Amino acid sequence: MEKIQPKRNKPEKLIGLIFASLFIFISNIAFAEIAVIVHPENSSSLDKKAIKKIFMGKTKKFANGNVILPMNASKGAPSRDNFNELAIGRTTAQVNAYWSKLVFTGKGTMPRELTSDAEIIATVSANKGAISYVDASAVTDAVKVIATY
């Protein structure tokens with residue numbers, strides 16, 4: 001016996017198409033590519049595990065002995081949320097809780113926060129030990145990209 005399917009009318013199809021398009025649009029915004037950047041003269045080679053250790057305060061110097069200055073995007077910046085999830089493997093709330101514990105116990109200093117991708121690029125380009133991340137579309141020749149997520 002053949003099963004009879006109800007016919008969809010045009011408004012239902014249109015609403016379905018709108019929701020599908022909206023989902024694709026939001027997915028692209030939520031997962032914009034993140035570029036990890038350093039000073040152009042920084043010759044250090046860092047893999048993704050090393051980058052995670054730097055931003056979790058477990059590594060404080062580059063292989064050449066220079067002090068690392070990790071810098072975060074400001075709280076609420078999409079690049080910060082994406083970086084935390086893709087590079088650190090934790091939500092921003094989990095990373096903040098981790099750092100709060102380190103700061104409270106005197107075992108660490110939270111990375112400095114900068115307000116915009118332009119400020120991050122300007123600061124990293126002026127400090128040989130700086131490392132940070134920005135939306136990949138904001139990268140300029142003033143910095144060197146060492147990883148993307």
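**Exercise 1.** Ser79 lies in helix α3; in this predicted model, decide whether Ser79 is buried or exposed, and list its contacts outside the local sequence.

*Solution.*
Step 1. The relative accessible area of Ser79 is 9%.
Step 2. Buried means under 20%, so Ser79 is buried.
Step 3. Set aside the neighbours of Ser79 within four places in sequence; Ser79 is then in contact with Ile34, Ala73, Asp117, Tyr133 and Asp135.

**Exercise 2.** Describe how helix α2 (residues 48-55) packs against helix α3 (residues 78-88), and name the residues that meet.

*Solution.*
Step 1. Two packed helices are described by the angle between their axes and the distance between the axes.
Step 2. For α2 and α3 the angle is about 125°, and the axes are 10 Å apart.
Step 3. Angles of 65 to 115 degrees count as roughly perpendicular and those over 145 as roughly antiparallel; α2 and α3 are therefore oblique to each other.
Step 4. From α2, the residues Ile51, Lys52 and Phe55 meet Phe83, Ala87 and Ile88 of α3.
Step 5. By class, this contact of α2 with α3 has five nonpolar residues, one charged and no polar.

**Exercise 3.** Characterise the largest pocket by its volume and its lining.

*Solution.*
Step 1. The volume of the largest pocket is about 240 Å³.
Step 2. Its lining is made up of 14 residues. Nearest the centre of the pocket lie Ile68, Leu69, Pro70, Thr109 and Pro111.
Step 3. Strand β2 (residues 69-73) supplies the largest share of this lining, with three residues.
Step 4. Sorted by class, the lining has nine nonpolar, three polar and two charged residues.

How values were computed:
Residues are numbered from 1 along each chain as its sequence is written. This is a predicted model: local features need pLDDT of at least 70, side-chain atom pairs count only at pLDDT 80 or more; totals for chains, interfaces and linings use all residues. Side-chain values use heavy atoms; hydrogens and water are left out. Axes are lines fitted to C-alpha atoms, for helices over the stretch in contact, and angles run from 0 to 180 degrees between N-to-C directions. Helices (H or I, at least four residues) and strands (E, at least two) are DSSP runs, numbered from the N terminus. Angles under 35 degrees count as roughly parallel, over 145 as roughly antiparallel, 65 to 115 as roughly perpendicular and the rest as oblique. Contact means heavy atoms within 4.5 Å. Ala, Val, Leu, Ile, Met, Phe, Trp, Tyr, Cys and Pro count as nonpolar, Asp, Glu, Lys and Arg as charged, and the others, Gly among them, as polar. On a 1 Å grid over the protein atoms alone, a cavity is a set of points where a 1.4 Å probe fits but cannot get out, and a pocket is an open set with protein on both sides within 12 Å along at least five of seven lines; lining residues have an atom within 4 Å of a point. Grid points are joined across faces, edges and corners, and a volume is the space filled by probe spheres set on the points. Buried means under 20% relative accessible area, exposed over 50%, partly exposed in between (1.4 Å probe, protein chains only).
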